[in-house]
Every structure is written in structure tokens, then in C-alpha cells.
Amino acid sequence: MADIKLVYFPVRARAEPLRMAFELSGKKYENVIIPSEKWAEEKANAPYGQLPYLVVKGKKYGESLALAGYVARECGLAGKTSEDAMRVTEVCSLIADLMTNMGKTQFETDEAKKLTLADLAAYDIVESLLKINADVLSAFPEVTKMRGKVEENPKMKAYLAKRPQTEF
Ligand SMILES: N[C@@H](CCC(=O)N[C@@H](CS)C(=O)NCC(=O)O)C(=O)O
């Protein structure tokens with residue numbers, strides 16, 4: 001049995017660079033997958049109640065950036081100098097931030113919070129185009145969906161109803 005276990009959900013996300021590092025370096029590890037339906041009972045076993053975590057010689061370690069630093073060193077992928085290692089951590093941190101933000105929008109159930117200024121700007125130009133050609137959206141179901149999201153938002157609904165009607 002391998003000295004190192006990597007425990008994560010059956011997806012790539014925060015564990016995949018670590019799996020790839022083990023595979024690339026040939027370092028032995030056990031890839032432990034927790035199916036989502038088992039998570040409720042497994043959560044209490046995970047450091048800070050989250051995945052991924054590593055088990056090294058029987059001890060558990062959490063936080064993916066800490067795991068990344070360890071795995072990078074163990075697999076000889078941390079760079080040669082301290083400056084290299086700082087750059088590696090820098091890039092990994094940046095990607096972790098991106099992943100956290102991606103997760104927020106991907107799993108956001110409140111449709112209103114998914115709106116960005118891009119949606120509002122697109123909504124507005126589409127309103128102008130619709131005044132010129134009412135069929136302009138017939139081939140663009142995604143844009144129609146975005147229009148619906150803006151119009152269903154209570155604050156937007158109230159604003160759109162009270163704003164002055166202008167041509168553009
Ligand atoms: N800061 C933590 C975040 C870990 C995290 O968000 N894990 C998610 C999966 S990617 C998780 O365990 N979600 C289930 C839960 O929190 O119950 C890290 O970088 O490891």
C-alpha cells in the first residue's frame with residue numbers, strides 16, 4: 001500500500017494537478033475517491049470538513065495549496081530555487097482563486113447573483129435591436145434566456161417598469 005493517499009471527489013478540479021504530478025513523477029500514491037452520496041458521512045473525517053486531503057504515513061493534511069507545496073517537493077516539481085518555488089506557489093494560488101470564483105457562479109442557485117455587467121450591457125443593446133427587428137433573437141436562444149434572467153430579477157423588473165421609454 002502507498003504511503004500517500006489523495007482523497008477527493010470523483011472529479012478533476014482541486015485534485016487533478018496533484019494526481020498528474022504523482023503520475024508524471026512516478027511517485028506511488030493511492031487515489032481515493034469519495035462518491036458524492038457518501039460525502040455526508042465522510043465529511044467529519046476530512047480535515048476542516050473539506051476535500052481534497054492527503055494522508056501521509058497515517059496523518060491527514062488539508063488545504064489544497066499546502067498539499068500542492070508538499071506534492072511539488074515530493075515529486076521534484078517545485079522548481080530549482082526558492083524563487084522558482086515562489087513562482088510555482090504564485091501560479092497555484094492564482095488558479096485556486098479562479099477555481100473558488102468559478103465554483104461560486106457554477107453552483108450559485110440565486111439566478112440574480114449570476115448577472116454581471118456584461119449581461120446588463122447585452123440586455124440593453126438587444127432591446128435597441130429588437131425595436132428595429134422583433135425577430136432578431138429567433139436564432140439565439142441563449143440570449144433570450146439571458147434577457148429573461150434580467151427581466152425576472154425583482155430590482156430590474158421594478159426599474160424597467162418605471163424608467164422612461166426611449167428609442168435607444
Ligand atoms: N480552501 C480549501 C477549499 C476546499 C474546497 O472548497 N473543497 C470543496 C470541494 S472542491 C469541498 O470539500 N466541498 C464540500 C464541502 O465543503 O462540504 C482548499 O483549497 O482545499
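The following questions and answers introduce a predicted model.

Q: Which residues does the UniProt annotation "domain: GST N-terminal" cover?
A: The annotation comes from an unreviewed UniProt entry. Over this stretch the chain is 32% helix and 22% strand, with the end C-alpha atoms 25 Å apart. The residues covered by the annotation are 2–79.

Q: In which sense do strand β1 and strand β3 pair?
A: Strand β1 spans residues 4–8 and strand β3 spans residues 53–56. Within this pairing, I4 stands opposite V56, and K5 stands opposite V55. Four bridges join the two strands, and their sense is antiparallel.

Q: Do β1 and strand β2 run parallel or antiparallel?
A: Strand β2 covers residues 30–33 and is joined to β1 by four bridges. L6 stands opposite N31 of β2. The direction of β1 and β2 is parallel.

Q: Which residue in β4 is the bridge partner of V56?
A: β3 pairs with strand β4, residues 59–62, in the antiparallel sense over four bridges. The two strands form a hairpin with two residues between them. V56 also stands on the β1 side of β3, opposite I4. In β4, the bridge partner of V56 is K59.

Q: What is the phi of K57, in the turn of the hairpin formed by β3 and β4?
A: K57 is placed in the loop between β3 and β4. K57 is not a glycine, although its phi is positive. The value of this phi is about 45 degrees.

Q: Is K57 buried or exposed?
A: A residue counts as exposed if 12 or fewer other C-beta atoms lie within 10 Å of its own. K57 has 6 other C-beta atoms within 10 Å, and therefore K57 is exposed.

Q: Which element gives the most to the largest nonpolar core?
A: This core has 15 residues, and L6, L18 and V71 touch the most other members. The elements that give two or more residues to this core are β1, α1 (16–25), β3 and α3 (64–74). With four residues, the element that gives the most is α3.

Q: With which residues is L18 in contact, leaving aside its neighbours within four places in sequence?
A: L18 is one of the core residues that touch the most other members, together with L6 and V71. Both L6 and V71 are also among the contacts of L18. In full, the contacts of L18 are L6, L67, A68 and V71.

Q: Is L54 buried or exposed?
A: L54 belongs to strand β3. Not counting residues up to four places away in sequence, L54 touches I4, K5, L6, Y61, L67 and Y70. Because 25 other C-beta atoms lie within 10 Å of L54, the residue is buried.

Q: How many Å apart in space are L54 and Y70, C-alpha to C-alpha?
A: L54 and Y70 are 16 residues apart in sequence. Y70 is among the residues that L54 touches. Their C-alpha to C-alpha separation is 9.7 Å.

Q: Which residues are around the ligand?
A: By class, this shell has four nonpolar, three polar and three charged residues. The residues around the ligand are A13, R14, K43, G49, Q50, L51, E63, S64, L65 and A96.

Q: What is the omega of the peptide bond from L51 to P52?
A: L51 is one of the residues around the ligand. P52 is placed in the loop between α2 and β3. The peptide bond from L51 to P52 is cis, with omega near 5 degrees.

Q: What is the phi of E63?
A: E63 is another residue around the ligand, and it lies in the loop between β4 and α3. With 16 other C-beta atoms within 10 Å, E63 is partly exposed. The phi of E63 is positive in a residue other than glycine, at near 75 degrees.

Q: Why does A44 count as exposed?
A: A44 is found in the loop between α2 (39–42) and β3. The limit for an exposed residue is 12 or fewer other C-beta atoms within 10 Å. A44 counts as exposed because its C-beta neighbours inside 10 Å number 7.

Q: How many Å apart in space are A44 and S64, C-alpha to C-alpha?
A: S64 is one of the residues around the ligand. In sequence, A44 and S64 are 20 residues apart. In space, the C-alpha to C-alpha separation of A44 and S64 is 18 Å.

Terms used: Residues are numbered from 1 along each chain as its sequence is written. This is a predicted model: local features need pLDDT of at least 70, side-chain atom pairs count only at pLDDT 80 or more; totals for chains, interfaces and linings use all residues. A residue is near a molecule or strand if its C-beta atom, placed from the backbone, lies within 6 Å of it. Ala, Val, Leu, Ile, Met, Phe, Trp, Tyr, Cys and Pro count as nonpolar, Asp, Glu, Lys and Arg as charged, and the others, Gly among them, as polar. Two strands pair if DSSP finds at least two bridges between them. UniProt positions are given in the numbering used here, feature names are shortened, and annotations may be inferred rather than shown by experiment. A nonpolar core is a set of buried Ala, Val, Leu, Ile, Met, Phe, Trp, Tyr and Cys residues joined through C-beta atoms within 7 Å. A residue is buried if 20 or more other C-beta atoms lie within 10 Å of its own, exposed if 12 or fewer, and partly exposed in between; C-beta atoms are placed from the backbone. Two residues are in contact if their C-beta atoms, placed from the backbone, lie within 7 Å.
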